[in-house]
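Subject: Structure for you to look at

Hello,

Here is the structure I promised to pass on. Please open it and keep it beside you while you read.

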Amino acid sequence: MALSWTELAPVDQPRDPLADFAVNAMARFTAADLDLSTENPSPERKSEYDDQWWLALVTVARGDDKVSSLTINELVRKAKDHYTKPLDDDLLIPGEYDGAFRESTDLDVITIYAKRAYINAVNAQDGEDSLGIASIEVSFPLDSRTVNPSITEIAPIELDLAVSDQTVVTAVIDHGIAIAHDLFRQEDTTGALALSRVDFFLDMDGTPDPNAQIQSTVGRVWTRDEIEQILSANLHSGLLDEEKVYRALGLIDWQRRSINSCAHRVSHGTHVTGLAAGYNADDAKGVERHIIAVQLPTRLVANTMGQWLQQALEQALTFIARQMEHYTVDGAAQATPLVMNFSFGNFMGPHDGTSRIDRAIDGNLSKMAANSNRPRVLMLPSGNGNLSRCHAIVNLTNAVPAKELAWNLQPADRSASILTAWLPVMTPVKNGTVEMQVTVPGFSTPHTIIAGTAPGLTLLRDTNSSGVKVIVGMVVYSPPRFPTNRGRFEIYLVPTDHPVDVRPVARAGAWKLRFTKATSISDLSLNIWVQRDDTLPGFPEFGRQSYLSDGLYDRFSRPGGAVISDDEVDHDSAIFRSGMINGIACGNLPAVIAGYVRSEKKMADYSAGGPTLNAFRLPGPDASATSDDSVVLQGVLSAGSSSGSRVAMNGTSVSAPQVARWAADQIALSPTTPFTRATVTAKALNDDTAGMDKPALTRTGGGRMKLGSVFGDLRWPDQ
């Protein structure tokens, strides 16, 4: 192995190294995953990788007054007039953004679709001046068959959904949502289950259809009328041929995708939607619980490297907000309450509410609330990473100015591994404040990168079979910038393995990290998080989670060997269970839900908690709900992929939608009464009064909510 470190001069560094890593350093792996070619491609396939559309979250730059933002139309003009070559064909503005939004000068974080050339131009040192993008964060490439690049601004349609003042819309953003399940249908006048409670369904895996009633930039939107036409066409003697329905909807298509969750026994999205809004056809309450469903792109869900799903989340929120305009109560628009659920998360981010996705979520919720006097609330899970060993706090003092950790990369890991070490708020960071040494497994000579006023980036290269040096990793230092105002060290490493021969790969084993503080600097703490990159349930083996170790972390109690799920008082390790709360659940407005075991009334071992670094919210989640019926009957029951089926699934992913269901019921009782995450906390505090057995605030939030089990009587009647 001929490894070499190459430090880049500031002028040669990309402004967002992670975006550069995702688009360029990972190109040989991504292209192999997509059956494309980037090295010596045939003429007819030469540009396939460059022609991929990437979903990106971008921060819009300020204008000349340093207060107002540039407009979206100005971004398009800048792309067209770019000094090297026009880039407007490499930029796609979501058609869901209307004319008023495109001329708004009050933008912060928005979504764009972009090709590699535009992303690289944005990421150049002059990218903010030349293209008006202050920062960019990219996803995995989208399936080109799902993108409608010819679309401009999507014109509003005439669609008036008159509902009662007891109606609450439940919106679920997930993957594998079997929308024809009998829990999401109703009887028609003949008694057949031919009616749907799903008013709008955005399938981001779908193929754009110019004849669809509602157009979208990515995927296919189905309205209730269109869904019911497919249901009626596939009803035979009162029985629904669900496979044909899902083939007609494009949710099962083996020629296009190897992963079709709705064809499995259990699918995450169906289970979550069942808990949030599933009702028997003869349940009158179901009539008033309308559903908006958003199916996330399979490519983004399958690959957990980076923070892919948060880009899709912003577009999903925009879609939901637009569809809410169609509901009317006694002729009044925007008078229908909305409860949303997004049961996904990751480990990364500053955990202080200032990340792009936190700001995008808060911004969308604020805008929704401003357009209506009815509740607009989003439920998020606290995450399942409590025992993952992916968070460390390194305290550096004059007495102990240096600390060491090992970052363990597993063999046969097909996903990239990412680590971030956040400095405390220091503006500016004095040169030489703290340094990070990185030692590759099997090597004794470390590479050192130093925090200061200037960014630093070092490429770790290895030699491929052709004798060419290719990137296998990056070590980065980024100085503080608004709004986080915290410097950070980052390490990005390519996978340790791949089924296609795209070597060299990153070296598996313990990557040694040593942090050292300058003697002239006051005591400081670094918060370190490792990105989630394991394989999600229901998907083929892909990623294997990397983790931290230092020799002092106790996983099991002695004697007995029980799993330790809370950091002990005499915890000596730098690695903590605390602080592993969902990295996208640290904003000011969403309600964050942890999970507990109903029979024991103890927090689930995996349920992640705080503290967050956001002083405007509780130090942990807002509340907790059941995520397991018992230690034996794990998980909670909800809808399987097929009608009539019930399956168990656990995790904080199933806690959040139960609270969403409760929230919809409470809001229906008084639609004009404000409902926020504080309402959720108040319910938890009332249900779980202080006592010796109450879990810590950082784990359970306000407390363990006493919610009726949605389908629990199928397990035992006394739940």
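Below is what was found in it, element by element.

First, the ground rules. This is a predicted model, in which local features need pLDDT of at least 70 and side-chain atom pairs count only at pLDDT 80 or more, while totals for chains, interfaces and linings use all residues. Residues are numbered from 1 along each chain as its sequence is written, and side-chain values use heavy atoms, leaving out hydrogens and water.

Helices and strands here are DSSP runs, numbered from the N terminus (helices: H or I, at least four residues; strands: E, at least two). Two strands pair if DSSP finds at least two bridges between them. Buried means under 20% relative accessible area, exposed means over 50%, and partly exposed is in between (1.4 Å probe, protein chains only). Contact means heavy atoms within 4.5 Å.

Strand β30

Start with β30 (residues 591–597). Seven of its seven residues are buried. Both faces are covered: A591, I593, G595 and V597 lie on one side, and V592, A594 and Y596 lie on the other.

Which strands pair with β30? Strand β18 (residues 376–381) runs parallel to β30, joined by three bridges. There, L380 has V592 as its bridge partner. Strand β32 (residues 623–628) is also parallel to β30, with five bridges. V597 is matched with D628 in that pair. Strand β31 (residues 602–603) pairs with β30 in the antiparallel sense, over two bridges. Y596 sits opposite M603. The β30–β31 hairpin has four residues between the strands, and K601 takes a positive phi near 55°.

Helix α14 and S655

S655 is in helix α14 (residues 652–669). Why does S655 count as buried? Because its relative accessible area is 0%. Outside its neighbours within four places in sequence, S655 contacts I593, A594, G595, A625, T626 and S627. A polar atom of its side chain lies 3.2 Å from the backbone oxygen of A625. S655 and S641 are 14 residues apart in sequence and 19 Å apart in space, C-alpha to C-alpha.

Helix α9

Helix α9 (residues 268–277) is mostly covered, with nine of its 10 residues buried. Among the elements covering those buried residues are β7 (168–174), β14 (289–295) and α14.

Two buried acids

A salt bridge is a side-chain nitrogen of Lys or Arg within 4 Å of a carboxyl oxygen of Asp or Glu. Lys and Arg count as positive, Asp and Glu as negative; His and the chain ends are not counted.

E242 is in helix α8 (residues 242–249). E242 is buried but has no salt bridge, and the nearest side chain of opposite charge, R185, is 4.6 Å away. Its side chain does make a polar contact of 2.7 Å with that of S643. (A polar contact is a pair of N or O atoms within 3.5 Å; within protein, one must be able to donate a hydrogen and the other to accept it, and residues adjacent in sequence count only if both atoms are side-chain atoms.)

E96 is in the loop between β3 (91–92) and α4 (99–102). E96 is buried with no salt bridge as well; R322, the nearest side chain of opposite charge, is 6.8 Å away.

Cysteines

How many disulfides does the structure hold? Zero. A disulfide is a pair of cysteine sulfur atoms within 2.5 Å. For C586, the nearest cysteine sulfur is that of C390, 15 Å away.

Best wishes
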